[in-house]
Amino acid sequence: GYLGKNQALPIVIKGLKKLEYRGYDSFGFAVFDKEKNYLYLKKTTKRIKDFEKNIDFKQKGKVAISQTRWATHGGVSNKNAHPHLDCAKNIFVVHNGIIENFEEIKKFLLKKNHQFRSETDTEVIPHLIEEYLNQGIDYESAVLKTLNDLRGSFALVIFNKAEPEKLIGARISSPLVLGVGKDEYIFASDPNAINSWARKAVFLDDGELVVVSPRAYKIKNFLNNKKINKKAQAINFTAIDEGKSGFEHFMLKEIKQEPEAVKNTLRGRILRDKTNVKLGGLEQYRNELKKIEKIFIVACGTAYYAGLVGKYLIQELAGIDVEVEAASEFRYAKFIHPKNSLVIAISQSGETADTLEAVKLAKRDGVLTMGIVNVVGSSLSRLVDFGVYTYAGPEYAVASTKAFVSQIAALVLVGVFLARQRKMSSVQAKIILKELASLPEKINQIFEQEKTIRALAKKYAKYKNFLYLGRKYHWPISLEGALKLKEIAYVHSEAYPAGEMKHGPIALIDKNFPTVVLAPRDSVYEKIISNLQEIKARHGKIIVLTTAGNKELAKKAEAVIYLPKTLELLQPILTVVPLHLFAYYFAKELKKDIDRPRNLAKSVTVE
Ligand code: M6R
């Protein structure tokens, strides 16, 4: 949403383009020209770049709302795209989230003869505001009343033609930021979309409503109707790096940034003598962390797999019991936690609804919470008690890559911090931290095999099913490899802890069902080689990843990818890199839309 002194249309279109990377299936906007009392509205299932020629940029108007939609209620169609409006076509609403009680509200509104034009949950909002206006309530009170009737999650921007010098934003459980420029304001779900106009922003919190007018904004808590004084804070956008820098896809660019991402996570955090780490966020909770006896890690997707690596890491380094749970399931099992517990939430975006909800539950139970988050200022970073930013830099491809390696690097730092508070000696810390600092260079060595990996992906692109196997640190990495192939190549791939294979999945193996075996020379090497033999005995094709210099697998597998040698606990950061490249070139061979895979969104802000 935009309200200010400039023409709104090009501003919101540029903003939408910056949000495109989050994944969407349709978009729409409404621009209002006060002088002519004319509202220019468009909705389409086309991509912004394909639809741009149909947009009349001569249309004037200094206020606009717009949205990129990722369908939840109602199919992907022009009529379901936002903005949605009331019967009288005065109230316009864009929404991110889900209105859980929309059916109940719709029933009530239908009885009052409201006419609906879409199948969405969102459309109840403009009609309900209209209903309250019809009852004689003033506009702001009607919005307030409506917000209190809604259940679920929402970030909303609302425009009323009858009060064109006002734009209203509100949120619960979905991100919303208000960029504050000189006599102009811009609402967005992500600060990336506002950085061309505003150097200052107000991050709205749950239950907050903001009314913007040409020269001021006022905030209140719509749940208790109390005024809130919140100043816009300066945002440092200097690190924003938006282009593809000559790469065909953001995903490839971001894989190539993996060494830099790890470097950025480590920067300034390893003491010069390498005997310990320095993590600002953790310092202030040093005493509490000393007492921690149990850790719960919550996260989703790729971040969840980083969490699984974290379990092996922290248990080995610090001797603290770690449980890892997909954030979307965390709430369902009764949360039983000993007195000195810590919940660690991992997220690239910091906006994943499931992860935020898991943290809220932990906080309600009075448990200490920590975040490992990439996006500075995101909802998660503000919700947790303290945390560690990964500083991987902006990640635009829907498939997460550089964020993953930086999450594991951050977990190593946290593991060493906790371990040094316990039994780890300075000598042990030195060995780990010295090796950790050398990983960016070792990732670069893997890129030397890019051509081989590309050729391999090309050769295997005809197969429709894949199995990924790993043990210990590499079981989560097998999950990550398989997920990448699913998301961007739309190829069925399953991951298993290698020891579990004989308990069922081995039935799938034949010459048309290749297996990717993760077998660096580590403490479980011999065991996984036995699993590899079991596949070979059943004529399964095998791609194996192993440590450089290991010659014995060349005859046992169809293809071998070599990994630089490192410590066992750091190896996952290296092993995942060829898997990211393999999935990328596989999807490229199949000519898929790599950066924007179908059905997916970058930030999953709905439960
Ligand atoms: O932003 P988050 O790290 O919280 O996102 C979690 C998942 O949605 C995300 O990792 C997803 O699985 C990616 N598409 C994986 O590539």
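**Strand S4, helix H4 and the ligand shell**

Visitor: Both faces of S4 look covered to me. Which residues sit on one side and which on the other?

Guide: Keep in mind that this is a predicted model. Both faces of S4 are indeed covered, and every residue on either side counts as buried, meaning under 20% relative accessible area. One side carries Val63, Ile65, Gln67 and Arg69, and the other has Ala64, Ser66 and Thr68.

Visitor: Why is S4 called largely enclosed by the rest of the structure?

Guide: S4 spans residues 63–69, which makes 7 residues to check. It is largely enclosed because the buried ones number 7 of the 7.

Visitor: OK, who are the neighbors in the sheet? Which residue of S4 does Leu3 stand opposite?

Guide: Strand S1, residues 2–4, is joined to S4 by 2 bridges, and the two run antiparallel. Within that pairing, Leu3 faces a residue on the S4 side, namely Val63.

Visitor: And on the S2 side, what is the bridge partner of Phe29 in S4?

Guide: S2 covers residues 26–33 and pairs with S4 in the antiparallel sense, over 7 bridges. For Phe29, the partner in S4 is Ser66.

Visitor: Moving along to H4, which elements cover its buried residues?

Guide: H4 runs over residues 124–134 and has 9 of its 11 residues buried. Those buried residues include His127, Glu130 and Glu131 alongside Val124, Ile125 and Leu128. Among the elements covering them are S5 (84–85), S6 (91–99), H3 (102–111), H5 (139–149) and S7 (152–160).

Visitor: What is the sign of phi for Gly136, and near what value?

Guide: Gly136 comes after H4 in the chain. Its phi is positive, near 95 degrees.

Visitor: Now the ligand. How far is its oxygen from the side chain of Thr352?

Guide: Oxygen atoms of the ligand have a few polar partners, so let's go through them, with 3.5 Å as the cut-off for a polar contact. A polar backbone atom of Gln348 is 2.7 Å from a ligand oxygen, and a backbone N or O of Ser400 is at 2.8 Å. For an N or O atom in the side chain of Thr352, the distance is 2.4 Å.

Visitor: How much of the ligand's accessible area does the protein cover?

Guide: On its own, the ligand has 410 Å² of accessible area. The protein covers 91%.

Visitor: Which elements give two or more residues to the shell?

Guide: The ligand is surrounded by 15 residues, with Ser347, Gln348, Ser349, Thr352 and Glu487 the closest. By class, the shell holds 6 nonpolar, 7 polar and 2 charged residues. The elements giving two or more are helix H10 (301–318) and helix H18 (474–489).

Note on methods
Residues are numbered from 1 along each chain as its sequence is written. This is a predicted model: local features need pLDDT of at least 70, side-chain atom pairs count only at pLDDT 80 or more; totals for chains, interfaces and linings use all residues. Side-chain values use heavy atoms; hydrogens and water are left out. A residue is near a molecule or strand if one of its heavy atoms lies within 4 Å of it. A polar contact is a pair of N or O atoms within 3.5 Å; within protein, one must be able to donate a hydrogen and the other to accept it, and residues adjacent in sequence count only if both atoms are side-chain atoms. Accessible areas come from the Shrake-Rupley method with a 1.4 Å probe; for residues, only the protein chains shown count as cover. Helices (H or I, at least four residues) and strands (E, at least two) are DSSP runs, numbered from the N terminus. Ala, Val, Leu, Ile, Met, Phe, Trp, Tyr, Cys and Pro count as nonpolar, Asp, Glu, Lys and Arg as charged, and the others, Gly among them, as polar. Buried means under 20% relative accessible area, exposed over 50%, partly exposed in between (1.4 Å probe, protein chains only). Two strands pair if DSSP finds at least two bridges between them. Contact means heavy atoms within 4.5 Å.
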